[in-house]
Amino acid sequence: MPRKSSAALIILALLSMPVSPVLAIDAKQLVEDGFNYWRGQASVAVVDMTLHRLDWERTMTIKAWTLGQADSLFRIIAPPKDNGNGTLKKGKEMWMFNPKINRVIKLPPSMMSQSWMGSDFSNNDLSKTDSLIKDYDHTIIGTEINQGQTVYLIESMPKPGAPVIWGMQRLKIRQDLVFLSQEFFDEDLEPVKIMTASQIQMLGGKIFPRVWRMRKVDETDQYTELVYRELEFKASLPANILTVPNLKNPRR
Amino acid sequence: MSIDVKMAWRNIWRNPRRTFLTAAAIAFASLLLIFMISFQFGSYETMINTSVKIQAGHLQIQAQGYQDKKEIRQVVPDPKKIGLILDNIPDVQAHTSRATAFALVSSRDRTYGVLVVGVDPVQESQVSTLANLIRTGEYLSSEDLDQALIGKLLAKNLNVKPGDELTILGQGRDGSIAAAIVQITGVYSSGLDNFDRSAIHIPLKTFQDVFAMQGAVHEVVVIGKSLSDVPAIKAAIVKQLDTSGQSKQLTALDWQELMPGLVEAIKLDLISGLIFYGILVLVVAFSILNTFLMAIFERTREFGVMMAIGTTPGRLTKLLLIESISLTAIGVGAGMLLGTALTFYFQVHGLDFAGSSELLSQFGITGRMYPKLTLLSLLIGPGLVMAITSLAALYPALKIRRLKPVEALTHN
């Protein structure tokens with residue numbers, strides 16, 4: 001009996017295989033390519049971040065450096081009150097710097113799920129950016145047409161045992177590798193928040209969405225919007241930029 | 001005294017030892033119930049008072065929705081105006097304002113996310129016991145400096161002592177970055193682990209500067225003259241908020257709404273207590289039932305004789321009921337007397353719970369406990385015993401109505 005059932009399992013497994021392995025590889029490749037297209041090798045950008053709430057709105061201007069899939073530095077340059085506040089992210093670790101108290105604080109793991117600077121992005125959203133590529137299996141579940149281009153709908157499920165925050169993610173990636181949206185689901189596969197891109201145009205030498213909006217799914221008039229003012233993609237960054245000493249250095 | 005009562009009384013004392021034992025069982029049950037219920041009530045009051053005095057206060061005035069979301073933008077914009085309202089409510093003993101925010105707090109080498117509470121050093125000491133809980137170092141000075149009080153467990157986690165500096169990094173009311181360096185002046189220990197692990201207290205003015213509060217606060221905390229004044233104070237506040245047109249933005253919450261966990265814990269304890277008391281009363285009731293049933297079997301011949309000389313069954317039932325009620329009354333009376341004495345003794349001297357379990361210390365019960373004798377705690381137990389035993393006695397009393405005089409006479 002056990003032999004029979006295990007044989008049945010193998011047959012079942014074989015039967016379920018032909019969900020086109022070709023497509024599965026494609027999905028993984030597509031997500032990785034899209035992600036790399038989005039991040040570039042390295043980039044320097046100036047972004048306006050607007051926190052929008054029902055009765056209130058606030059905009060900060062942030063200068064951002066990114067390198068590869070996992071490292072970045074954000075520094076607030078306006079309003080003047082917050083000028084010089086920075087966040088450095090290397091791998092999975094994060095540090096914050098405040099010029100008023102002139103201290104660098106390393107974020108404890110317990111704070112990772114807290115919101116970053118009061119926005120709808122959590123520290124995890126920033127620190128685990130590359131988790132999408134490393135920790136998830138991707139499947140193309142459909143396509144649609146957007147402005148004459150094919151858009152792939154991708155469902156990303158966490159790999160077994162991967163240290164992930166989300167129970168599922170759904171992505172929309174255009175055939176020219178532009179990310180259109182990323183939707184985050186909890187363990188019960190209920191939607192939690194969604195990030196959407198718009199105003200796709202030439203930016204930093206490639207087609208890129210100028211506006212990104214992160215919104216909690218159950219709150220309609222509460223979101224965080226990122227608008228790129230400047231964006232420049234580079235082959236690499238000087239080695240001293242993504243370092244703790246530079247986090248404290250407000251001149252750059 | 002009617003002949004029935006006289007007969008009943010004599011019948012009771014026909015077997016003094018049995019009567020004494022039965023009455024003693026009833027008395028013991030009553031005594032136990034009075035003491036335990038009083039003790040429960042007393043411990044609830046201790047729990048409530050401790051929690052009220054350490055943290056929540058009897059009442060708080062907050063922005064609508066702050067209790068659920070605790071967002072820094074949900075403020076009481078003008079605490080002075082609320083203060084004026086409170087000053088005119090006679091049952092209010094004291095009040096103070098607090099502001100709270102979640103922030104990163106770091107020592108030299110460690111960082112934790114904790115609640116930063118801004119308190120008015122002078123008024124706070126009239127409302128809460130914070131000033132008396134300082135174990136090392138000192139309470140906040142009345143001038144507004146960059147000082148902080150820290151809970152004992154958090155101090156251990158951050159590895160700091162009075163004199164050390166703490167860095168606070170969070171977000172202000174206007175969304176700007178809030179950052180400050182404060183010096184620890186004192187370490188407090190309340191016995192409530194959660195409170196000692198998760199918060200630091202800084203002067204309200206400092207808080208308002210750092211977190212860009214523009215004079216606003218999050219909670220106006222009110223202490224009434226006693227716990228029983230709370231509903232009246234609440235009604236008065238709600239009315240004042242209504243007439244001044246602030247009831248849309250602000251709300252008054254009493255301690256039950258502020259500490260739903262405590263209310264749940266009390267309910268749970270009360271229910272488990274009630275189950276225990278129910279079982280106790282049931283056991284006593286069965287022993288009474290047994291006693292009366294035995295008496296009837298013994299006295300069947302006697303009842304036969306009485307019926308033969310013309311006693312009606314109704315009168316016999318009445319006789320037996322008077323007997324059982326008197327017996328119960330003796331027991332309950334003695335139990336109430338002894339119970340009151342015992343409870344009162346401990347109400348004055350207290351029961352030592354030093355080194356109590358972790359569970360109790362969560363609710364601030366660390367030292368002596370005092371039962372609290374009230375009319376309610378005095379009457380619930382004995383009343384229950386009285387009712388159940390009377391019910392138990394009803395069965396034998398009705399049973400004798402079915403006796404046939406001739407059969408009863410020949411019964412041995």
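Author: Domain bounds come from an automatic or database domain assignment. With that understood, we may begin with chain B of this predicted model.

Reader: Into which domains is chain B divided?

Author: Chain B has a domain 1, made of 3-52 + 262-410, and a domain 2, covering 65-248. Taken over C-alpha atoms, the centres of domain 1 of chain B and domain 2 of chain B are separated by 50 Å.

Reader: How should one read a nonpolar core, and how many residues has the largest one?

Author: In soluble globular proteins, nonpolar side chains tend to be buried together. In this structure the largest nonpolar core has 104 residues, and Val76(B), Ala103(B), Val116(B), Ile150(B), Ile168(B) and Ile200(B) have the most contacts inside it. Strand β7 of chain B, residues 177-188, gives the most to this core, with 8 residues. Domain 1 and domain 2 of chain B both give residues to this core, so it lies between them. Apart from this core lies another, of 31 residues, including Ile37(B), Leu327(B), Leu384(B) and Ala397(B).

Reader: Which residues does Val116(B) touch, not counting residues up to four places away in sequence?

Author: With those excluded, Val116(B) touches Thr100(B), Ala101(B), Ala103(B), Val105(B), Ile168(B), Gly170(B), Ile200(B), Ile202(B) and Phe207(B).

Reader: How is the packing of two helices described, and at what angle do α2 and α11 of chain B pack?

Author: Two packed helices are described by the angle between their axes and the distance between the axes. Helix α2 (residues 16-56) and helix α11 (residues 260-298) of chain B pack at about 175 degrees, and their axes are 10 Å apart. Angles over 145 degrees count as roughly antiparallel, so α2(B) is roughly antiparallel to α11(B). Among the residues that make the contact are Ala25(B), Leu32(B) and Tyr44(B) of α2(B), and Leu270(B), Tyr277(B) and Val284(B) of α11(B). By class, the contact of these two helices has 16 nonpolar, 6 polar and 2 charged residues.

Reader: How does one judge a single residue: is Pro121(B) buried or exposed?

Author: A residue is buried if 20 or more other C-beta atoms lie within 10 Å of its own, and exposed if 12 or fewer do. Pro121(B) has 23 C-beta neighbours inside 10 Å and therefore counts as buried. The place of Pro121(B) is in helix α5 of chain B, residues 121-127. Not counting residues up to four places away in sequence, Pro121(B) touches Leu140(B), Ser141(B), Ser142(B) and Pro203(B). Pro121(B) and Ala101(B) are 20 residues apart in sequence, and 18 Å separate them in space, C-alpha to C-alpha.

Reader: And is Asp87(B) buried or exposed?

Author: Asp87(B) has 10 C-beta neighbours inside 10 Å, so Asp87(B) counts as exposed. Asp87(B) is in helix α4 of chain B, residues 79-87. Between the C-alpha atoms of Asp87(B) and Val238(B) there are 14 Å, while the two are 151 residues apart along the chain.

Reader: Let us turn to chain A. How many helices and strands has chain A?

Author: Chain A has 5 helices and 13 strands. Of its 252 residues, 29% count as buried. Among contacts in chain A with a separation of 6 or more, 43% come from residues 24 or more positions apart.

Reader: How many residues does the contact take from chain A and from chain B?

Author: The contact takes 19 residues from chain A and 16 residues from chain B. On the side of chain A that touches chain B, β2 (56-67), β5 (93-98) and β6 (103-106) each supply at least two residues. Strand β6(A) gives the most to that side, with 3 residues. By class, that side of chain A has 8 nonpolar, 5 polar and 6 charged residues.

Methods:
Residues are numbered from 1 along each chain as its sequence is written. Chains are lettered from A and ligands numbered from 1 in the order in which they are written. This is a predicted model: local features need pLDDT of at least 70, side-chain atom pairs count only at pLDDT 80 or more; totals for chains, interfaces and linings use all residues. Two residues are in contact if their C-beta atoms, placed from the backbone, lie within 7 Å. Helices (H or I, at least four residues) and strands (E, at least two) are DSSP runs, numbered from the N terminus. Ala, Val, Leu, Ile, Met, Phe, Trp, Tyr, Cys and Pro count as nonpolar, Asp, Glu, Lys and Arg as charged, and the others, Gly among them, as polar. A nonpolar core is a set of buried Ala, Val, Leu, Ile, Met, Phe, Trp, Tyr and Cys residues joined through C-beta atoms within 7 Å. Axes are lines fitted to C-alpha atoms, for helices over the stretch in contact, and angles run from 0 to 180 degrees between N-to-C directions. Angles under 35 degrees count as roughly parallel, over 145 as roughly antiparallel, 65 to 115 as roughly perpendicular and the rest as oblique.
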